[in-house]
Number of protein chains: 2
Amino acid sequence: MSGLAAIVGAGCTKVGEHWELSVLELAVEASLKALDDAGSPPVSAIYVGNAASEVLNEQGNLAVLLADELGLRGIKAVEVRAGDASGALALHQAYLEMAAGAPGPVLAVGVEKLTDVMIQEVERVQMLFEDARATFHSGITIPGLCALLTRLYMQQYGASYEDLVLLAVNDHRNAANNKYAQYPFPITVETVLNSPLVADPVRLFDTAGVGDGAAAVLIVKAEEARRFSDAPVRLLASEAVAGEASFSSREDLLSMNSLRKAAARALKRAGMDIKDVDFFELHNTTSVVGILALEELGLAERGEGWRLVKEGQIAIGADWPVNTMGGLKGRGHPWGATGLYQAVEAVWQLRGEAGKNQVEGAEVGLTHNMCGLGSLSCVHILARWEVRA
Amino acid sequence: MSGLAAIVGAGCTKVGEHWELSVLELAVEASLKALDDAGSPPVSAIYVGNAASEVLNEQGNLAVLLADELGLRGIKAVEVRAGDASGALALHQAYLEMAAGAPGPVLAVGVEKLTDVMIQEVERVQMLFEDARATFHSGITIPGLCALLTRLYMQQYGASYEDLVLLAVNDHRNAANNKYAQYPFPITVETVLNSPLVADPVRLFDTAGVGDGAAAVLIVKAEEARRFSDAPVRLLASEAVAGEASFSSREDLLSMNSLRKAAARALKRAGMDIKDVDFFELHNTTSVVGILALEELGLAERGEGWRLVKEGQIAIGADWPVNTMGGLKGRGHPWGATGLYQAVEAVWQLRGEAGKNQVEGAEVGLTHNMCGLGSLSCVHILARWEVRA
C-alpha cells in the first residue's frame, strides 16, 4: 500500500485558549482550511480524532456533527478514540479508507478543547487513558509518571536535568516562528529551571501545556493528487501499534515498544531507512519522552539520546531536525488534535512552506503521536511528491 | 469489495446488570468466545465500539486495554465512537481493514456498561450524542423524542398505540428463547399498556432497557475462511452513512435518511434486492422507530409499516422476520455493543444455530444499528457461505 495516498489539503487553528469557540467550531475551522486548500472538492468520508469531548465539552458524536456542519450529510463519518493519539489514529483510519478504495477524497480531522473545564479535571481525564486499575486510583498523573521517568533516565544514563530540557528549548526556538503555536517565543534552560515545579524534577516549562486546537488534512488517491494540488504530499506509510496498556507492566520503563515497532513497520512499508528521513515530529509530553523517542527511532543508542540534543543535532539545519514547528511543548498539545498538527506541519515542510523554519531540501518526514506514555503509537511517513514520481 | 470478508467466530455475554464485571472484563469475555469459536488464531487488529466509557465507567482507551488483556501487544488496536451505533461502526472499520489488506484476522468488539452510574446519568450521557445546541440544554431525552415521534406517527397515519407496540411484543416473543437476552420472557399488548409511562404515550415496555453487555465477531478474508470455520458467514456489505446531526433539522421527522441511504448502498454492494433478505435485525429504540425502519427499508409503504406488524408479517415463519433474537427491547440495548449483538445473532441464524428461533432456510440477513434517532446508520448484509460459493 506504500504511496497509494497523497495529502492535497492541510489546515489548522492556532493552538490556544479559545474561550469563544466550541469544540465543534474549532473542528469546522480546521476542516474548511484543509478543504479550501484543495479547492473544496466533495468528500466521501470524514474521520475525526478526539480524546474526550463528552466529558470535557458535554458533546459527543463529533464526526457526525462535523459532517452535518460542513453540509456533508450522506457521507461516512467516523470518530476514533485513543487518548492523545486520537488524531494520528484518525489519519490512519482515513488512510485505510483510501487503501480500501474510497470513492472520493477523505478528510481527517483532529480536535480537542481542554479549556472548558478546570485543570484538575484535565489531569483526571488524562489518566482515564491509562489502565485505571494500575494508575487512576493511586492518584498518579502523567506529569508524575514523567517525573519518575526523568529521574530514572538521569540516574541510569548520567544526564543532568539541564541536559534533558534542551529538548524543550529546541521546541520553543522553533515555535517562535510558527504563528499557530500556543507559545511562540524562545526560552532558555534557565527559563525551565526558574519555572514552577510540576512533579519533581519536572518543571512547568518542561511540560506540554493545556490548550485548544484543531488540525485537518485532505487525502486522495495518489494517482488523482495532481487534480487537487500543485504540490501534493505523499503519505508513504501509516502504522498504529498497541504497546503495554499499563506503564508499570513494561519490562524496561525506559523503552517505548509501540514506537519501535510502529516505526520499523512504517519504514519497511515506505522502503526506507531511518537515515532517509529529513525531519521528525515527535510526541514530547516532557523532554525525557522526546529523548526516549530519539533512541527508539535508532537515531541514538540507548541512553545516548540526550547527547544528540546537547550536541545540537536536532536543530533545524543539523542532521536530525526535531519538532520543526514547535512540538508538544512549543506549538502546544491539544490531545486529539496533535497527530494532525504533526501531519499539517510535515506538509508545510515538504511543500517548502515552513518559512524561517524550513528544513532545506526536506524530502521525507516522520511523525510520531502516542497515547499517554506509549500504550499506542502511530507513525506516519510523508514525502515530497517527487520522491516517488 | 462485496464478499471479500467472512465471519468465522462469534460470541457475546448475556445482556444484563453485570455488577460484578468491569467494562473491560465484559469485552474480554465476548472476545474470548469469538476467538475460541474460530480456534483462537492470532489476530492482526482489534476494533472496539463503545459509546462513553470515560464518563460511564471512568476508563478510556478500551481497544488498547483489551488488546493487552488478551495478550495481543504489538497489534493494531482502534476504538470507534458513534453513540449507540459504535458497535456496528467498529465492525465497519474492521471490514475496511480487511478490504485494505489486513495481514491477519481482525476482531470487532462492541461493549457498554450502563449500570455503573444512576439512570439519570445514563439519560444525560445519551443526549450527548445528539446536537447539544438543539437538544441537550432543552432537557429533552431520547424517550422524549420517541414520544413526539410516536404521537406524530399515530396522528399522521391512523395507527393506535396498541398497534405500534406489537413490535415490542414481537421482540419479547423472540427474546424468550435467547439465553443471552436481558428480558427473556413474552409480553402482551396489555403488559405494555399497564407499564409505567416513560414519556407520554411511550411506556416502559415500549422502551429499550438499560443493561451491560459485550459481543464480538472475528473476520477473515473470504478465501481463507474455511481454514477457521466449517460454517463461515459472508459479510457481503458494510455501509455507514451520516444523516442529520440534529433531529429537529429533518425535513420530514418521520423519515430516517441515513438508514435509507445505507441500506440502498449495502444492497447495491451485495448485488441484492431487499426481497432477497430473509431476516432483519433492526434498531428499535422504541416501537415507532422499528416501524419507521420497516418503511425506510421498503418493506412497507410510508405510513404502512404498522400494518406489516399487525398482520403478523414480522414474526419468525412469516415473510419478514424482525429481531429474531429479541432486538433492542427484548435482547437489550447496551449501546456500543448492540451492533455486534446483531452481527452475532445473524451468524447464529445463518449457521442454523438459532434454536427455536431459527428462520428456516435463512440465507441472507440485514442488520441496522444507528446513533440516536438516525444521525448515523450502519447497515450490514450477511449471508450463508453457500450463497456465493
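Q: What makes a pair of side chains a salt bridge?
A: A side-chain nitrogen of Lys or Arg has to lie within 4 Å of a carboxyl oxygen of Asp or Glu. This is a predicted model, and the rule is applied to its atoms below.

Q: Why is the pair A:Arg351 and A:Asp37 called a salt bridge?
A: The closest N and O atoms of A:Arg351 and A:Asp37 are 2.7 Å apart. The cut-off is 4 Å, so the pair qualifies.

Q: What does the pair of A:Arg351 and A:Asp37 tie together?
A: A:Arg351 belongs to helix H15 (residues 335–351) of chain A and A:Asp37 to helix H1 of chain A, so parts that are 314 residues apart in sequence are tied together. Over all chains the structure holds 48 salt bridges.

Q: How do you know that A:Glu69 and B:Arg133 form a salt bridge?
A: Their closest N and O atoms are 3.0 Å apart. With the limit at 4 Å, this pair is therefore a salt bridge too. Across the interface of chain B and chain A, the rule finds six salt bridges.

Q: How many residues does each chain give to the contact between chain B and chain A?
A: Chain B gives 53 residues and chain A gives 53 residues. About 4100 Å² is buried between the two chains, with 52% of that area coming from carbon and sulfur atoms. Of the area that chain B buries against chain A, B:Glu54, B:Glu58 and B:Arg81 supply 13%, more than any other three residues.

Q: Why are H1(A) and H3(A) called oblique to each other?
A: Helix H1 (residues 23–37) of chain A packs on helix H3 (residues 62–69) of chain A at an angle of about 55 degrees, and their axes are 10 Å apart. Roughly parallel needs an angle under 35 degrees and roughly perpendicular needs 65 to 115. The angle of about 55 degrees fits neither class, and H1(A) and H3(A) are therefore oblique. Their crossing is right-handed.

Q: Which residues of H1(A) and H3(A) meet?
A: From H1(A) come A:Val23, A:Leu24, A:Ala27, A:Val28 and A:Ser31, and from H3(A) come A:Leu62, A:Leu65, A:Leu66 and A:Glu69. By class, this contact has seven nonpolar, one polar and one charged residues. A:Glu69 is also the partner of B:Arg133 in a salt bridge.

Q: Why are H5(A) and H6(A) called roughly perpendicular?
A: The angle between helix H5 (residues 119–127) of chain A and helix H6 (residues 142–157) of chain A is about 70 degrees, with the axes 9 Å apart. The class runs from 65 to 115 degrees, so the two helices are roughly perpendicular. A:Glu123, A:Gln126 and A:Met127 of H5(A) make the contact with A:Ile142, A:Pro143 and A:Leu145 of H6(A). Four nonpolar, one polar and one charged residues are involved in the contact of H5(A) with H6(A).

Q: What makes H4(B) oblique to H14(B)?
A: Helix H4 (residues 86–99) of chain B and helix H14 (residues 335–351) of chain B cross at roughly 60 degrees, and their axes come within 4 Å. Roughly perpendicular begins at 65 degrees, so this crossing is oblique. B:Ser86, B:Gly87, B:Ala88 and B:Leu91 of H4(B) make the contact with B:Gly336, B:Gly339, B:Leu340 and B:Ala343 of H14(B).

Q: How does the contact of H4(B) with H14(B) divide by class, and what puts Gly where it is?
A: The contact has four nonpolar, four polar and no charged residues. Gly counts as polar under the scheme used.

Q: Where are the cis peptide bonds of A:Pro201 and B:Pro201?
A: One joins A:Asp200 and A:Pro201, with omega about 10 degrees; A:Pro201 lies in the loop between strand S5 (197–199) and strand S6 (202–203) of chain A. Another runs from B:Asp200 to B:Pro201, with omega near 10 degrees, and B:Pro201 is in the loop between strands S5 and S6 of chain B.

Technical notes. Residues numbered from 1 in each chain as written. Chains lettered and ligands numbered in written order. Predicted model: local features only at pLDDT ≥ 70, side-chain atom pairs only at ≥ 80, totals over all residues. Heavy atoms only, no water. Axes fitted to C-alpha atoms, helices over the stretch in contact; angles between N-to-C directions. Parallel < 35°, antiparallel > 145°, perpendicular 65-115°, else oblique. Left-handed = near helix turned anticlockwise from the far one by under 90°. Contact = heavy atoms within 4.5 Å. Buried area = accessible area lost by both parts, 1.4 Å probe.
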